[in-house]
Amino acid sequence: MTTEPFVFSDEQHLLRETVRDACQRAWPPEAVERTANGPWATKFWTTLASELGVVGLTVPETLGGLGAGVVDLTIVAEELGRVAAAAPMLGTTLATETLARVECETAATVLEPVAGGQRLAALVVTDDAGAWTPDRPATTARSEGDGWRIDGAARGVLDGAGADDLLVLSTTDEGIALMLVDGAADGVTRRAVDTMDLTRELADVTFTDAQATLLQVGPAVVDAVRGAADVATIVLAAEQLGGCQTMLDRTVEHARTHMQFGRPIGTFQAVRHRCADMLVATEHARSAVYHAAWAADVGIDDVAVAASLAHVVASQAHTEVSGGALQLHGGIGFTWEHPTHLYLKRAWSDATLLGGRAFHRARLAPLLEPPRA
C-alpha cells in the first residue's frame, strides 16, 4: 500500500486541459438543442477516439490501448460531465473493461476497434425489468451445431441501440457465459427508450433465437463483469462530479451578476448559504471520486467499497447541486432554452444507473461491517 499523497501528474494536468478544450469546442453552452443521437455526438466521439486517443485509455497496450490508469479515465469522464456530453463513454467503458478481462482471442479482436472508436459495443447485463443483475442473467444461450443461439430480453441497456457489438451475459448449461452478438443479426430487436435524460442513450433489446459466439463461460465471467462495473461506476461518479462543478460555477456567476432590488442576488444571505451548500456537496463528491480512482490504480482501498461510496456520494451531490442551481437561476432556470434542466434530468437519471443508489448502499453495508470477534 502506498503512503504517497494523491496529486495529479503534469501529464494528467495536460490531459485534462486537452480534453476540456475539445469539450468546450464541441459542446458550447448554447447547444441546448443537442440530443443523444445527434451528429454532434458522432463527430465528438470520433475526435476523442482517433485524434485524442482517450477512449481506450485503460486498455492494455498489448490489446491496442494506452495502458493508462483509472485516474486518467476519471479525468476524461469529469470533463465530459462538465458539458453533459452526449457521448457513449459509460457504455464503452463497461464494454472495454469487460473485454480486457476476458481470456479469449475473439474478445481481443472485438476490443481493438471499440477502443479505437471505429465500433461501438454495449454490455447487456440488465434483466427484462431493467434491474442490474450480473449474477442472474435474463437471457439464456444454448449450443446448436458449431455455434450458439440466444433468447431473452433486457431493458435499459446503456448505448444499446447504436452498438455494433452486443456483449450479452447469458445462462447456459455450463454456467454463466459472456456471448458476442452482432447488433444487426437476425433475431435481435432493439428499441431506443425515451428517457428523462436527453444526453444518455438507453435501449430495450430482445433476442429471439439469435446467433451468438461464446467468449468465455464460468465464474471468471461474473468476476470480469463485476470488475468492469466497478470501473464504470467510478467513471459515472466522475461525470456526476463534472456536472456538479458546472452547475456550481454557473450559479455563482449568476448570483454575482444578476441584480435584484438594486444589488446582486449573491449579496442575499439565503443565496450565499445555498451556494455554500452546493460547494460543500461538490467537494464531498470530488473526494469520493478521486479516492475511488486512486484506489483502483494503487490499491489503497477495496475498489468495490470505494466505487459504491463514490456512486452514492456523487449521486447525492449531483441531484442537490443541480436542483439548487435550477432554483437559484429563478424563472429562467425552468425554461427549455436554459441548459440547467439538462443537468438536473441527468442527475436524477445517473442516480439510477449501474444498479442505482439503493443497490450500492446495500452492497456497502456488509462490506463495511466490522469483523466479528
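Welcome to this predicted model. A good place to start is phenylalanine 6, which counts as partly exposed because its relative accessibility is 25%, a value that falls between the 20% limit for buried and the 50% limit for exposed. From there, the tour moves through the aromatic rings, the nonpolar cores, two residues with their neighbours, the strands and the cysteines.

**Aromatic rings**

- The structure holds 5 aromatic pairs.
- One of them joins phenylalanine 6 to phenylalanine 8 in an edge-to-face arrangement, with 5.1 Å centre to centre and 75 degrees between the planes.
- Phenylalanine 8 has a relative accessible area of 19%, so this residue is buried.
- Phenylalanine 6 also pairs with tryptophan 294, and this pair is tilted, at 5.4 Å centre to centre and 55 degrees between the planes.
- That second pair links distant parts of the chain: phenylalanine 6 belongs to the segment before α1, while tryptophan 294 sits in helix α7 (residues 269-298), 288 residues apart.
- Tryptophan 294 counts as buried because its relative accessibility is 19%.
- Together with Tyr290, the residues Phe6, Phe8 and Trp294 make up one aromatic cluster.
- Phenylalanine 8 has a charged companion too, as arginine 16 lies over the face of its ring, 5.3 Å from the ring centre.

**Nonpolar cores**

- The largest nonpolar core has 92 residues, and Phe44 and Leu354 are the ones that touch the most other members.
- Helix α6 (residues 219-257) gives the most to this core, contributing 17 residues.
- Another core, of 19 residues, lies apart from it and has Leu166, Val188, Val205 and Phe207 among its members.
- Leaving out residues up to four places away in sequence, leucine 354 touches several residues, including Leu90, Leu94, Trp132, Leu158 and Phe359.

**Two residues and their neighbours**

- Glutamine 12 is part of helix α1 (residues 10-26).
- With a relative accessibility of 12%, glutamine 12 counts as buried.
- Its contacts, not counting residues up to four places away in sequence, are Val7, Val71, Asp72 and Ile75.
- Alanine 87 belongs to the loop between α3 (70-82) and α4 (89-101).
- Although it is in a loop, alanine 87 is buried, because its relative accessible area is 9%.
- Alanine 87 touches Phe44, Trp45 and Thr199, again not counting residues up to four places away in sequence.
- Between the C-alpha atoms of alanine 87 and arginine 286, which are 199 residues apart along the chain, the separation is 22 Å.

**Strands**

- Strand β2 (residues 139-144) and strand β3 (residues 147-158) run antiparallel and are joined by 5 bridges.
- These two strands form a hairpin with 2 residues between them, and glycine 145 in the turn has a positive phi of about 65 degrees.
- Within this pairing, threonine 140 stands opposite aspartate 151 in β3.
- Strand β3 also pairs with strand β7 (residues 202-217), in the antiparallel sense, over 8 bridges.
- Here isoleucine 150 stands opposite alanine 210 in β7.

**Cysteines**

- How many disulfides does the structure hold? The number is 0.
- Cysteine 275 is in no disulfide, and the nearest cysteine sulfur, that of cysteine 244, is 14 Å away.
- Cysteine 275 is buried, because its relative accessible area is 12%.
- Cysteine 104 counts as buried as well, with a relative accessibility of 18%.

Key. Residues numbered from 1 in each chain as written. Predicted model: local features only at pLDDT ≥ 70, side-chain atom pairs only at ≥ 80, totals over all residues. Heavy atoms only, no water. Helix = DSSP H or I, 4+ residues; strand = E, 2+ residues; numbered from the N terminus. Buried < 20%, exposed > 50% of the residue type's maximum accessible area, 1.4 Å probe, protein only. Contact = heavy atoms within 4.5 Å. Pairing = 2+ DSSP bridges. Disulfide = S-S within 2.5 Å. Core = buried A, V, L, I, M, F, W, Y, C linked by side-chain atoms within 4.5 Å. Phe/Tyr/Trp six-rings, centres within 6.5 Å; stacked < 30°, edge-to-face > 60°. Lys NZ or Arg CZ within 6 Å of the ring centre and 35° of its normal.
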